[in-house]
Amino acid sequence: MRSIASVDLPTDLPTDLALPSRTPPAAAGTAAPQAATTATAGVAALKGTVVSAGFPFPRGAVPTVSVSKPQHATISLQGVTPAAALQFYRQALPAAGYKFLQQGGSDGRTKLTFEGKGQNIQLLVGGDGSPDLVLLLFENL
């Protein structure tokens, strides 16, 4: 079982990613946006997802949208280690107005859960089968 080593807290809390504004929900009687069928990377890929503008990302992290539906999204991050992501989000999310709920994990994977701004956010990092995994799960409440 591999554990995530402790690292210094980040000093770069504000993200250097300028997120586009969320796309407004479809008006009644119009078709809802279709779910993404393939992953797309970069800040522009977050437009129209449930990821709120201004959501903090570690410097150098590149988001990839794996799933985007009206009520939830799955975003993987490349360019940041699991240990650095854990340290960053432990500090950045409470500073951004999200309440820490719990930490858990198994099989070498760590999961942090936060709630705020009408969303439940889960951070999943590492794991015996995928030691470099950094995944954010967003769900509207």
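T74 has its place in strand β3, and this residue makes a handy way into the fold, which comes here from a predicted model. With a relative accessible area of 15%, T74 falls under the 20% cut-off and therefore counts as buried. Leaving aside residues up to four places away in sequence, T74 touches T64, V65, S66 and V67, and also L135, L136 and L137. One of these partners, T64, belongs to β2, where it stands opposite A41. L136 turns up again below, among the core residues with the most contacts.

Stepping back from T74, the protein holds 1 helix and 7 strands. Read from the N terminus, the elements go β-β-β-α-β-β-β-β. The strands make up an open sheet of 7, in the order β1-β2-β3-β7-β6-β5-β4, and the pairing is antiparallel. β1 and β4 sit at the edges, each pairing on one side only. The helix, α1, packs on this sheet and touches β3, β4, β5, β6 and β7; its direction makes about 160° with that of β6.

Now for the pairings themselves, starting at the β1 edge. β1 covers residues 40-41 and pairs with β2, residues 62-68, in the antiparallel sense over 2 bridges. β2 in turn is joined to β3 (residues 72-78) by 6 bridges, again antiparallel. In that pair, P63 stands opposite L77 of β3. The link between β2 and β3 is a hairpin with 3 residues.

Over towards the β4 edge, the bridge counts are as follows. β4 (residues 99-106) and β5 (residues 109-116) run antiparallel and are joined by 7 bridges, with S106 opposite R109 in β5. The hairpin between β4 and β5 has 2 residues between the strands, and D107 there takes a positive phi near 55°. β5 then pairs with β6 (residues 119-126), antiparallel, over 8 bridges. R109 shows up here too, standing opposite G126 in β6. The β5-β6 hairpin likewise has 2 residues between its strands, and in this one K117 takes a positive phi near 55°. Moving on, β6 and β7 pair in the antiparallel sense over 7 bridges, and Q119 stands opposite N140 in β7.

What about the inside? The largest nonpolar core has 27 residues, and those with the most contacts inside it are F55, I75, L77, Y89, L136 and F138. Elements giving two or more residues to this core are β3, α1 (82-95), β5, β6 and β7 (134-140). The largest share, 6 residues, comes from α1. L77, one of the residues with the most contacts in the core, is also the one that stands opposite P63 in the pairing of β2 with β3.

A few overall figures round this off. Of the 141 residues in the protein, 38% are buried. Among contacts between residues at least 6 apart in sequence, 50% join residues at least 24 apart. The accessible surface comes to about 7600 Å², and carbon and sulfur atoms account for 54% of that.

Technical notes
Residues are numbered from 1 along each chain as its sequence is written. This is a predicted model: local features need pLDDT of at least 70, side-chain atom pairs count only at pLDDT 80 or more; totals for chains, interfaces and linings use all residues. Side-chain values use heavy atoms; hydrogens and water are left out. Two strands pair if DSSP finds at least two bridges between them. Helices (H or I, at least four residues) and strands (E, at least two) are DSSP runs, numbered from the N terminus. A nonpolar core is a set of buried Ala, Val, Leu, Ile, Met, Phe, Trp, Tyr and Cys residues joined through side-chain atoms within 4.5 Å. Buried means under 20% relative accessible area, exposed over 50%, partly exposed in between (1.4 Å probe, protein chains only). Contact means heavy atoms within 4.5 Å. Axes are lines fitted to C-alpha atoms, for helices over the stretch in contact, and angles run from 0 to 180 degrees between N-to-C directions. Accessible areas come from the Shrake-Rupley method with a 1.4 Å probe; for residues, only the protein chains shown count as cover.
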